[in-house]
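Please open the model in your viewer and keep the sequence panel beside it. The tour below moves from the whole chain to single residues, with a selection to make at each stop.

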Amino acid sequence: MKVPFIDLQRAHAPLKEELLEAFSKTLDHGGFCLGPDVEAFEAGFAEELGLAGAVGVGSGTEALHLIALAMGVGPGDEVIVPAFTFIASAWFSQYVGAKVVFADIDPKTFTIDPQSIEKLITEKTKAIVVTHLFGQAADMEPILGIASEHGIKVVEDAAQAHLAQYKGRSVGDIGDAGAFSFYPTKNLGALGEGGAITSRDGELLDQVRILRAHGSKERYLNHFVGYNNRLEGLQAASLNVKLPHLRGKTARRQKIARAYLGGIRNPDISLPMPARYGESVYHMFTIRHAERDRLKAYLAEQGIGSDIVYPYPLHLQPCFNFLGYKEGDFPVSEELARTCLSLPIVPELTDEEVDYVIEKLNAFE
Ligand SMILES: Cc1ncc(COP(=O)(O)O)c(C=O)c1O
């Protein structure tokens, strides 16, 4: 049996007719850069996720960049970022000339450890970027408490966490702003690049609307330096087709996760621990094993795809050499990078495929 780690063909085949119909409408109305499809998506996405408002941009990375600009983060400022996340979380500070300050993660949830934040705060700290990693919400309450005590902004990197909840609240609507990605492999993916900025702060949303379109509110009148970060009409059209399926697909991911949590009994494998405060939407199902590379090779021999997400913690990335971090600075992040392995969890997997993965993991010695 062959079990893919990701299978975009399988995900899109049943939607092909609907997608082509949506693209045909976009061709007819011609709204390719912003336009009616983007407007419909912004409203639909906010409503489906229970968010106050959303602004479509070209990618999750662009979302983080524009939030940093709108918050006025810049040279001389420090931004606290988890040491274990996708690199773009750290571009938040680096694109605007601020300094990234890394924090370790919690070994249970793999999200930023609130206890490690307090001691990193200086009078230069302007923001904390919280990544809801692998679909699991970070522990927001203590983070918001620290932030409000020190007058610091909280940015939610929700690129991997569409529909994730924290104590009944939607991620992306809890901090000062949220950044979502619609990269094709995300829980909600476009057919190319896409992203959104979310916030309860209407002024911030107005500001990023201007920033994404060359700093212009009125055509050819530019108030400040802006960017070309518009969400494309065809991408929004694809997202409008896929959005109604997100809830069902998320439930399927959670069902597969429950099967893994109940079925994997290999004593050498550490399973992810569901947090008490909100169920993960399982963008990834990430296990740990001391001999991760041998396990990965074994799974490949059995026809099972897997991926190392991520092999390097951010403080040891060459691009951050200049900051002087060294091995041992963030033991939890480093250990996870050494031992993590993500299993197939796309919603299109069959029950037989999931059972096969469990069987092969339990047989690994
Ligand atoms: C945690 C995280 N942040 C940010 C991004 C950046 O999103 P994008 O690829 O849409 O630029 C991603 C996605 O790759 C991500 O996983």
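## The whole chain

Begin with the contact pattern: among contacts in the protein (heavy atoms within 4.5 Å) between residues at least 6 apart in sequence, 70% join residues at least 24 apart. What you are viewing is a predicted model, in which local features need pLDDT of at least 70 and side-chain atom pairs count only at pLDDT 80 or more, while totals for chains, interfaces and linings use all residues. Residues are numbered from 1 along each chain as its sequence is written, and side-chain values use heavy atoms, with hydrogens and water left out.

Switch to a cartoon view, where the protein shows 13 helices and 13 strands; these are DSSP runs numbered from the N terminus, with helices being H or I of at least four residues and strands being E of at least two. The radius of gyration is 20 Å, close to the 21 Å that the globule rule gives for 365 residues, so the protein is as compact as a globular protein of that length. That radius is taken over C-alpha atoms, and the rule is 2.2 Å times the number of residues to the power 0.38. Along its principal axes the C-alpha trace spans about 65 × 55 × 35 Å.

Now turn on the surface, which comes to about 15,600 Å² of accessible area, 52% of it belonging to carbon and sulfur atoms; such areas come from the Shrake-Rupley method with a 1.4 Å probe, and for residues only the protein chains shown count as cover. Of the 365 residues, 58% are buried, where buried means under 20% relative accessible area, exposed over 50%, and partly exposed in between (1.4 Å probe, protein chains only).

## Helix H2 and the loop after it

Select Thr-26, which sits in helix H2 (residues 16–29) and is buried, its relative accessible area being 0%. Its side chain reaches the backbone oxygen of Ala-22 at 3.0 Å, a polar contact, that is, a pair of N or O atoms within 3.5 Å; within protein, one must be able to donate a hydrogen and the other to accept it, and residues adjacent in sequence count only if both atoms are side-chain atoms. Leaving aside residues up to four places away in sequence, Thr-26 touches Gly-31, Phe-32, Asp-37, Gly-233, Leu-234 and Ala-237.

Move next to Leu-34, in the loop between H2 and helix H3 (36–49). Its phi is near 60°, a positive value in a residue other than glycine, and at 17% relative accessibility Leu-34 counts as buried.

## Helix H4

Select Glu-62, in helix H4 (residues 60–70), which is partly exposed with a relative accessible area of 23%. A polar atom of the Glu-62 side chain lies 2.9 Å from the backbone nitrogen of Gly-58. Beyond residues up to four places away in sequence, Glu-62 touches Val-57 and Asn-229. To gauge distance across the model, add Asp-268, which is 206 residues from Glu-62 in sequence and 40 Å away in space, C-alpha to C-alpha.

## From helix H6 to helix H7

Select Pro-114 in helix H6 (residues 114–117); at 13% relative accessibility it counts as buried. Not counting residues up to four places away in sequence, Pro-114 touches Asp-139, Pro-142, Ile-143 and Ile-146. The C-alpha atom of Pro-114 is separated by 9.8 Å from that of Val-130, 16 residues apart along the chain.

Phe-134 lies in the loop between strand E4 (125–131) and helix H7 (140–150). Phe-134 has a positive phi of about 60° although it is not a glycine, and it is buried, with a relative accessible area of 5%.

## Two later loops

Which residues does Ser-270 touch, not counting residues up to four places away in sequence? They are Ile-287 and Arg-288. Ser-270 itself lies in the loop between helix H10 (246–263) and strand E12 (285–288), and at 32% relative accessibility it counts as partly exposed. Cys-340, 70 residues from Ser-270 in sequence, is 9.3 Å from it in space, C-alpha to C-alpha.

For the last stop, select Val-309 and Tyr-310, which are joined by a cis peptide bond with omega of about 15°. Tyr-310 is found in the loop between helix H11 (292–301) and helix H12 (331–339).
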